[in-house]
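Let's take a walk through this structure together, beginning with a single residue and widening the view from there. Have the sequence at hand as you go.

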Amino acid sequence: MSASGIYVHIPFCRSKCAYCDFVSVCEGEEKQRLYINALLREINTGRKIFDGVADTLHIGGGTPSCLYDGAVESIVGALGDSFDLRLAEFSVECNPDTFTPEKAEELKKAGVTRISLGVQSLDDGVLKKAGRRHDAATAMQAVRLAVKSGFDVSADLMIGLEGQREDDVDAFVGFMSREGVKHVSAYMLKVESGTPLARAVEKGLILPSDDDCAELYDRAVSRLKENGFCRYETSNFCKEGKVCRHNMKYWKMCDYLGFGVAAHGKLGRVRYYNDDDVDGYIRAVLQGTHAYRTEEVLDRDEELKEYVMLGLRLEDGVDVEEAERLFCIDFAERFSEGLKKAEKYVLYDGKNLRIRPEYALVANSVINMFV
Ligand SMILES: C[S@@+](CC[C@H](N)C(=O)[O-])C[C@H]1O[C@@H](n2cnc3c(N)ncnc32)[C@H](O)[C@@H]1O
Ligand code: SF4
């Protein structure tokens with residue numbers, strides 16, 4: 001059996017970005033300590049449900065780099081006490097404004113190998129309108145610091161931000177490539193309902209149109225390719241050998257454990273979802289109840305659909321022979337309808353089913369034709 005991954009969610013940020021609907025609150029050290037306390041407790045009980053090997057650890061958020069000093073080390077310590085950790089990749093998501101030389105040193109000492117930096121843009125005007133706390137110079141400094149400190153560095157680029165133009169994409173890719181960044185995640189801005197951004201759009205805020213976004217995305221793809229980054233998933237690009245091993249576990253439906261508020265886990269066909277209320281999570285964990293966690297068992301067909309849905313986002317697509325072996329199906333027969341509907345959008349040679357590169361942007365619509 002392949003090794004599992006571990007995800008830990010840190011629900012704290014210094015301020016809330018208008019577009020963001022990730023689970024995070026703006027709280028200081030006191031609440032952070034209460035939370036980490038509960039988290040360590042949850043990790044400790046995890047050994048009852050998992051006794052295998054974990055080879056990837058991803059601490060995400062929120063903003064893990066805004067945690068008090070020593071918090072990350074205590075998380076790794078608790079994980080090491082409870083599980084057989086043989087980490088080939090240990091990533092932490094950081095924001096440029098809280099990724100200081102002291103933080104870099106602390107994370108290095110804790111065993112972190114990879115930093116995922118939320119740069120988003122290198123245009124000061126765009127960053128300001130997006131409500132980011134950093135400017136381009138701060139982001140560049142953070143990238144250089146992360147590379148110089150010996151981390152594998154991944155940088156997030158957002159596409160479709162207010163006022164964004166193609167020269168921002170060019171500058172971003174050029175800079176990352178020159179500085180030795182080996183991985184880029186390029187996300188299309190999603191206007192999530194209930195966010196301040198969604199309300200602003202309702203009141204008339206103009207964002208780049210769908211056509212503009214498609215052009216920005218195509219520009220990013222071609223600039224990344226010119227600079228030696230291969231796309232291996234709809235939104236993820238890397239230099240050779242620098243695929244994010246942890247995220248690959250989600251897309252390949254391997255097992256993973258999730259700890260913390262709003263975290264998910266998958267163990268075989270069991271999925272669990274932690275509650276997304278920070279105070280409710282702390283209370284329930286400290287009281288020793290599992291009230292913060294919901295479990296479901298996927299049936300075989302749901303699992304197959306998930307397998308196809310995730311596989312279609314990958315550049316290599318769905319491994320048809322693997323799917324047939326795992327799910328005891330005749331792929332062409334089981335998905336005959338989807339294959340007919342999506343004929344124009346996919347490449348299917350009986351071994352792999354993949355979305356044609358020119359339709360990567362409408363991957364979700366193509367996926368819907370199958371599931
Ligand atoms: C969970 S966030 C955490 C990263 C970090 N706190 C930051 O903001 O820099 C991970 C990434 O998701 C992306 N993201 C967040 N909200 C988004 C949205 N509404 N649409 C598209 N991408 C989004 C951003 O690129 C962000 O860096
Ligand atoms: S810093 Fe990151 S996680 Fe926090 S609100 Fe902004 S985008 Fe969301």
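Ala-200 sits in helix α7, which covers residues 196-202. Keep in mind that you are looking at a predicted model. Is Ala-200 buried, exposed or something in between? It has 16 C-beta neighbours inside 10 Å, and because a residue needs 20 or more to be buried and 12 or fewer to be exposed, Ala-200 counts as partly exposed. Once its neighbours within four places in sequence are set aside, Ala-200 is in contact with Ala-18 and Leu-205. For a sense of scale, try Ala-263: 63 residues separate Ala-200 from Ala-263 in sequence, and their C-alpha atoms are 29 Å apart in space.

Now step back to the whole chain. Its secondary structure amounts to 15 helices and 15 strands. The radius of gyration is 21 Å, close to the 21 Å that the globule rule gives for 371 residues, so the chain is as compact as a globular protein of that length. Along the principal axes, the C-alpha atoms fill a box of roughly 55 × 50 × 45 Å. Of the 371 residues, 38% are buried. If you take the contacts between residues at least 6 apart in sequence, 73% of them join residues at least 24 apart.

The chain is divided into two parts, domain 1 (4-250) and domain 2 (300-370). The centres of these domains, taken over C-alpha atoms, are separated by 29 Å. Where they touch, domain 1 contributes 6 residues and domain 2 contributes 6 residues. On the domain 1 side, α8 (210-226) and β7 (230-233) each supply at least two residues, and β7 gives the most, with 3. By class, that side of domain 1 consists of 3 nonpolar, 1 polar and 2 charged residues.

Next, follow the chain to helix α15, residues 363-370. Which of its residues are buried? They are Val-366, Ile-367 and Phe-370. Viewed down the axis of α15, the buried residues fall within an arc of 100 degrees, so they line one face of the helix. A general rule helps here: an α-helix has 3.6 residues a turn, so residues three or four places apart point the same way. On the other side of α15, Asn-364 and Ser-365 are exposed. The cover over the buried residues of α15 includes α11 (300-312), α14 (336-341), β14 (346-348) and β15 (352-355).

Finally, turn to the ligands. Around ligand 1 there are 16 residues, and those that come nearest are Tyr-19, Gly-118, Asp-156, Tyr-187 and Lys-190. Three strands, β2 (53-61), β4 (114-120) and β5 (152-159), are the elements that give two or more residues to this shell. Sorted by class, the shell of ligand 1 has 6 nonpolar, 6 polar and 4 charged residues.

What surrounds ligand 2? Its shell holds Cys-13, Lys-16, Cys-17 and Cys-20, together with Phe-22, Ser-24, Gly-61, Gly-62, Thr-63, Asn-95 and Gly-118. In class terms, this shell has 4 nonpolar, 6 polar and 1 charged residues. Look for Gly-118 as you compare the two sites: it is among the residues nearest to ligand 1, and it also appears around ligand 2.

Conventions. Residues numbered from 1 in each chain as written. Chains lettered and ligands numbered in written order. Predicted model: local features only at pLDDT ≥ 70, side-chain atom pairs only at ≥ 80, totals over all residues. Near = placed C-beta within 6 Å. Helix = DSSP H or I, 4+ residues; strand = E, 2+ residues; numbered from the N terminus. Nonpolar A, V, L, I, M, F, W, Y, C, P; charged D, E, K, R; others polar. Domains from an automatic or database assignment. Contact = placed C-beta atoms within 7 Å. Arc of directions from axis to C-beta. Rg over C-alpha atoms; globule rule 2.2 N^0.38 Å.
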